[in-house]
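The following paragraphs lead through one protein model, beginning with a single residue and widening to the chain as a whole. Please keep the sequence and the coordinates in view while reading.

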Amino acid sequence: MQNEFPPYAVMVNNLFKKDPKPGVMLHHAATGLAGEIGELRGATTRLNFIEELGDIRFYFAAFSTVMKPV
C-alpha cells in the first residue's frame with residue numbers, strides 16, 4: 001500500500017506562507033515558533049502538549065525550508 005500523504009518536508013513547504021523576501025519568511029517562522037512555545041507552556045493535557053510540539057516542529061521545519069541552500 002502506497003503512502004497517501006506527502007513527506008513531512010513537502011507538507012511544510014506547501015503550508016508555510018511564501019514571500020519573495022526570505023527575511024519576511026524567517027520573521028514569520030520565528031514569530032510562529034515563539035507563539036507555539038508560549039502555547040506549549042500553557043498546555044493542560046497530554047494531547048494538547050503533543051499538538052503544540054507538532055506545531056513547534058512545523059516551524060523548525062519551516063526554518064530549514066527558508067534556509068536551504070539555493
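**From one residue to the whole chain**

Ile56 is found in helix H3, where helices (H or I, at least four residues) and strands (E, at least two) are DSSP runs, numbered from the N terminus. The model is a predicted one, in which local features need pLDDT of at least 70 and side-chain atom pairs count only at pLDDT 80 or more, whereas totals for chains, interfaces and linings use all residues. Residues are numbered from 1 along each chain as its sequence is written, and side-chain values use heavy atoms, with hydrogens and water left out.

With a relative accessibility of 11%, Ile56 counts as buried, a term that means under 20% relative accessible area, as against over 50% for exposed and the range in between for partly exposed (1.4 Å probe, protein chains only). When residues up to four places away in sequence are not counted, Ile56 touches Leu33, Glu36, Ile37 and Leu40, contact being defined as heavy atoms within 4.5 Å. Ile56 and Ala29 are 27 residues apart along the chain, and their C-alpha atoms are separated by 9.7 Å.

Which residues of H3 are buried together with Ile56? They are Glu52, Phe58, Tyr59, Ala61, Ala62, Thr65 and Val66, and what covers the buried residues of this helix includes helix H1 (8-15) and H2. Thr65, which lies in helix H3, counts as buried at 16% relative accessibility, and its contacts, again leaving aside residues up to four places away in sequence, are with Val12 and Asn13. As for geometry, the 22 residues of H3 should span 32 Å at 1.5 Å a residue, and the end C-alpha atoms are 32 Å apart, which agrees; the expected span of a helix is taken as 1.5 Å times one less than its number of residues.

Leu53 also has its place in helix H3, but with a relative accessible area of 38% Leu53 is partly exposed. Together with Phe49 and Ile50, Leu53 forms a nonpolar patch on the surface, with about 250 Å² of accessible area for the three together. Patches are made of residues with over 30% relative accessible area and no salt bridge, like charges being joined within 9 Å and nonpolar side chains (Val, Leu, Ile, Met, Phe, Trp, Tyr) within 5 Å; a salt bridge is a side-chain nitrogen of Lys or Arg within 4 Å of a carboxyl oxygen of Asp or Glu.

Helix H2 (residues 22-41) has 20 residues, which should span 28 Å at 1.5 Å a residue, and its end C-alpha atoms are 29 Å apart, which agrees. Its buried residues are Met25, Ala29, Gly32, Leu33, Glu36 and Leu40. Seen down the axis of H2, these buried residues fall within an arc of 105 degrees, so they line one face of the helix, the arc being that of the directions from the helix axis to the C-beta atoms. An α-helix has 3.6 residues a turn, so residues three or four places apart point the same way. The buried residues of H2 pack against helix H3 (46-67), while His27, Ala34 and Arg41 are exposed on the other side of H2.

Taken as a whole, the protein chain has three helices and zero strands, and along the sequence it follows the pattern α-α-α. Its C-alpha atoms fill a box of roughly 40 × 40 × 15 Å, taken along the principal axes, and 23% of its 70 residues count as buried.

Definitions and conventions
Areas by Shrake-Rupley, 256 points an atom, 1.4 Å probe, with all protein chains shown as cover.
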